Amino acid sequence: VGAGKRATSTDLVNWTETAEGANDLVFAAGRFLLVGEGFRLTSVDGVSFERASQPAMGRIGFGVVDGTPTWLGANFRDVRRLSTDGETWEDVANDGGNALEDIVFVVG
């Protein structure tokens with residue numbers, strides 16, 4: 001599947017394209033979060049997704065910080081957003097031009 005697309009499969013051989021404009025996907029805390037610029041889709045089964053509003057985010061990562069499930073979202077330019085429930089987001093950084101292409105949590 002090409003960049004910015006989402007597809008589902010039951011056998012990992014045959015794929016059905018289901019959405020355009022997706023940038024990143026993470027499975028954590030029993031659900032999928034799929035993000036794109038200005039939208040977030042959530043799903044518990046990876047097949048049926050519901051649209052939820054959010055600030056623009058192009059990338060998303062998940063980790064456990066001091067025992068707390070934590071999502072970190074970022075847009076391409078310079079803003080990072082933090083959530084401990086995957087639903088409500090708080091701006092935590094705006095560097096004024098330090099673009100992020102991707103984010104990951106590292107145990108340390």
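**Two antiparallel sheets, two cores and a shared salt-bridge partner**

Side chains alternate along strand 3: D24, V26 and A28 face one way and are buried, while L25 and F27 face the other way and are not. That pattern comes from a predicted model, and it makes a handy way into the sheet that strand 3 belongs to. The sheet is open, has 4 strands in the order 3-4-5-6, and is paired in the antiparallel sense. Strand 3 (24–28) and strand 6 (50–52) sit at its edges with a single partner strand each, so one side of each has no neighbour in the sheet. On average, neighbouring strands here are turned by 25° against each other, direction ignored.

Strand 3 pairs with strand 4 (residues 31–36) through 5 bridges, again antiparallel. Within that pairing, L25 stands opposite L34 in strand 4. The two strands make up a hairpin, with 2 residues between them. One thing to look for in the turn is A29, whose phi is positive at about 50°.

Next comes the packing. The largest nonpolar core has 8 residues: V26, A28, L33, V35, M57, I60, W71 and W89. Strand 3 and strand 4 are the elements that give two or more residues to this core. V26 and A28, both part of this core, also belong to the buried face of strand 3. A second core, separate from the largest one, has 5 residues, among them A22, F39, L41 and F49.

L33 is a good place to see how the core residues are surrounded. With neighbours within four places in sequence left aside, L33 is in contact with D24, L25 and V26, with R40, L41 and T42, and also with I60, W71, G86 and W89. Of these contacts, T42 belongs to strand 5 (residues 39–43). T42 counts as buried, at 15% relative accessibility, since the cut-off for buried is under 20%. Setting aside neighbours within four places in sequence, T42 touches F32 and L33, then S48, F49 and E50, and finally E87.

E87 turns up again in the salt bridges, of which the structure holds 3. E87 and R31 meet through their side chains, with an N to O distance of 2.9 Å. E87 is in the loop between strand 9 and strand 10 and R31 is in strand 4, so this pair ties together parts 56 residues apart in sequence. R31 is buried, with a relative accessible area of 17%, whereas E87 is partly exposed at 35%.

R40 also forms a salt bridge with E87, and the closest N and O atoms are 2.9 Å apart. Here R40 sits in strand 5 and E87 in the loop between strand 9 and strand 10, so the parts tied together are 47 residues apart in sequence. R40 counts as buried, with a relative accessibility of 1%.

The remaining pair is D91 with R81, where the closest N and O atoms are 2.7 Å apart. D91 is in strand 10 and R81 in strand 9, so to speak distant parts of the chain, 10 residues apart. R81 is buried, at a relative accessible area of 9%. Shared partners join R31, R40 and E87 into one network.

Strands 9 and 10 belong to another open sheet, which has 4 strands in the order 7-8-9-10 and antiparallel pairing. Its edge strands are strand 7 (59–65) and strand 10, each pairing on one side only. Neighbouring strands of this sheet are likewise turned by 25° against each other on average, direction ignored. Inside the sheet, strand 8 (residues 68–74) and strand 9 (residues 79–83) run antiparallel and are joined by 4 bridges. A74 stands opposite R80 in strand 9.

Finally, N94 lies in strand 10 (residues 90–94). N94 is exposed, with a relative accessible area of 55%. Not counting residues up to four places away in sequence, N94 touches D78 and V79. N94 and R81 are 13 residues apart in sequence, and their C-alpha atoms are 9.3 Å apart in space.

How values were computed:
Residues are numbered from 1 along each chain as its sequence is written. This is a predicted model: local features need pLDDT of at least 70, side-chain atom pairs count only at pLDDT 80 or more; totals for chains, interfaces and linings use all residues. Side-chain values use heavy atoms; hydrogens and water are left out. Two strands pair if DSSP finds at least two bridges between them. Axes are lines fitted to C-alpha atoms, for helices over the stretch in contact, and angles run from 0 to 180 degrees between N-to-C directions. Buried means under 20% relative accessible area, exposed over 50%, partly exposed in between (1.4 Å probe, protein chains only). A nonpolar core is a set of buried Ala, Val, Leu, Ile, Met, Phe, Trp, Tyr and Cys residues joined through side-chain atoms within 4.5 Å. Contact means heavy atoms within 4.5 Å. A salt bridge is a side-chain nitrogen of Lys or Arg within 4 Å of a carboxyl oxygen of Asp or Glu.
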